[in-house]
Amino acid sequence: MSTSHTPVEANKVRNRVFVAIGAVVIIATYLYLILGQPSEFAEGDFGQASLIAIIGYLLGSVLIAAGTIHRLPTTTIALVPVAIAVNIVVGQIAASLGLPIYLDSIGTILVGVLAGPAAGALTGALTNVIWGMTISPIALPFAVTAVVIGVLAGYAGRLGMFRRFYLAPIAGLITGIVAALVSSPIAAFIFGGATGGGNGAIVAAFRAVGNSLLASTTFQGLLSDPLDKVITFTIVVIILYALPSRFRSRFPFVREYNVFGKQSEHAAPTRAPRRAAGGSDSPASTTGDDSRSSDSGTTPTS
Amino acid sequence: MTTTLYEDRESAVHRLNPVTKLVAMLSIIIIVFAVQIWWVALGIVVFVVMPAAVISGTGGRLLSLSLKLLLPILIVLVLLQGLFFPEGTTVLAEFGPARVTVEGLMFALGIGSRIAALVLCSLVLLLTTDPALLMTSLTQKGMSPKMSYVISSTLQIIPAFQTRAQSILLAQQARGLRLKGNPLRRVAAVLPLVSPLVLGMFTDVEERSTAMEARGFSSPATHTSFVVVEDPLGQKIARWALAAIALASVVLSLLGVFK
């Protein structure tokens, strides 16, 4: 990325402002929906909650997407479309196989871990835009949830949650809980709890015992999202550990924050040892096998 | 682009500038959510969205799509809010823990009419607007060309990825992968599908980014467009008017006028 040009510098400030305002709008929207509601809701009327939910979340997501896209280098931009395609294709297959989980954020989490929170946020937001354009417009209001998932995956990578195999599911659990909390006001105030057949039945069960609609959609989200994200993060960490380290370390974000640590090949069951054991080239190839070369202390790239 | 809902036809709605249609869609959604009166939302659907679909010749597709996408949600909504609305006081019927209340049904009507307007409005935009043209005209209005690249190329590679995923699935099944059985086993079956897909994705990315760099993708210079989308003055005025109405409805709503 060239930073020497003055218009680019000026845009940098503008982009930061976009991202900051977007984040503030999303947080303010969430706090208003959670704290400002119970009193008005008693009459069975949401007041402005659904208006605030749709405008605040959409505006925040658009600002973050617009602010992040300029910062990303071409390699990351090239990664985003394929990651979105992975999200959508795997999500569709999970639905057609009748899986109890969504599995529609594998690409978002991959991009977050490999290219950082900004790239993860963009991938998440655009996944829901494309999902809305190709499958069902119902996905559009939930774009903010995907943004949050991408951002949290990025910070999980940055904080070293992918350096150990067993830490990734924990990051998934936290992401899932936050995703459930963020998306429950959308399900409650925009869709009245009716987002899908099975989910609606669970919301109905919580309503039957006297919970408010927001509480019911929150409980429903907490039943499905954390499980989904634990499994998704586990799948992602398995895939990433199976990748040759030269693939992973091609991303500047991975190198800068040491996302996988130096010891990552020891901690994980990679494919490389199996290949080496099956083949006949075990003692001779010290330069050919990627996983071995990074074990021997040399960092892959400077 | 077979993945999108777009239907290539010749009509007045198709000829509108894509940005005008997008602004109209967003304004209608905002107005519907701001005004919060069920007959306003249904009125917009009946007198604006449906005529637009009929004029553009996409009425049949709109009907079948909305039956597929909207009907399940509306049924769940009516059952959920009609039967389980603890805040309701006017009880019409009672079945054990489930109570049919007037308040619950009115609530379902309010939410349902808004969801219907949201979904139908988006569908008309998608059915009558070529995504590539929408991206081009948004870029001409100042959207980043990177954004339009990401959206357009995603729409193009999804069919290829679907084919690839299907062939991976078939190949793994030929090697003995079982997709039936308990849920846990089915979740485990996803891994042999996803890892080849993601590995393939990395090779794709490498080729693409080299090709993009070679064509000056990240150049800070202004990008010119091959297609210039027409934008008559009348539509510009219409867009500003729609945006102003939407803004006014939000302000009035926040002031509590529609209560």
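**View 1. Order of the helices and strands along chain B of the predicted model.** Read from the N terminus, the elements of chain B in this predicted model follow the order α-α-α-α-β-β-α-α-α-α-α-α. Chain B thus shows ten helices and two strands. The radius of gyration of chain B comes to 24 Å, well over the 18 Å that the globule rule gives for 259 residues, and chain B is therefore more spread out than a compact globule.

**View 2. The two domains of chain B.** The domain assignment places residues 12-129 together with residues 229-254 in domain 1 of chain B, while residues 144-214 form domain 2. Taken over C-alpha atoms, the centres of domain 1 of chain B and domain 2 of chain B are separated by 34 Å.

**View 3. Extent, burial and contacts of chain B.** Along the principal axes, the C-alpha atoms of chain B fill a box of roughly 65 × 60 × 35 Å. Of the 259 residues in chain B, 36% are buried. Among the contacts in chain B with a separation of 6 or more, 74% are made by residues 24 or more positions apart.

**View 4. Confidence of the prediction for chain B and for the model.** Chain B has a mean pLDDT of 87, and 99% of its residues reach 70 or more, whereas the model itself scores ipTM 0.89 and pTM 0.85. Where pLDDT is low, the predicted coordinates should not be read in detail.

Terms used
Residues numbered from 1 in each chain as written. Chains lettered and ligands numbered in written order. Predicted model: local features only at pLDDT ≥ 70, side-chain atom pairs only at ≥ 80, totals over all residues. Domains from an automatic or database assignment. pLDDT = per-residue confidence, 0-100. Helix = DSSP H or I, 4+ residues; strand = E, 2+ residues; numbered from the N terminus. Rg over C-alpha atoms; globule rule 2.2 N^0.38 Å. Buried ≥ 20, exposed ≤ 12 C-beta atoms within 10 Å, placed from the backbone. Contact = placed C-beta atoms within 7 Å.
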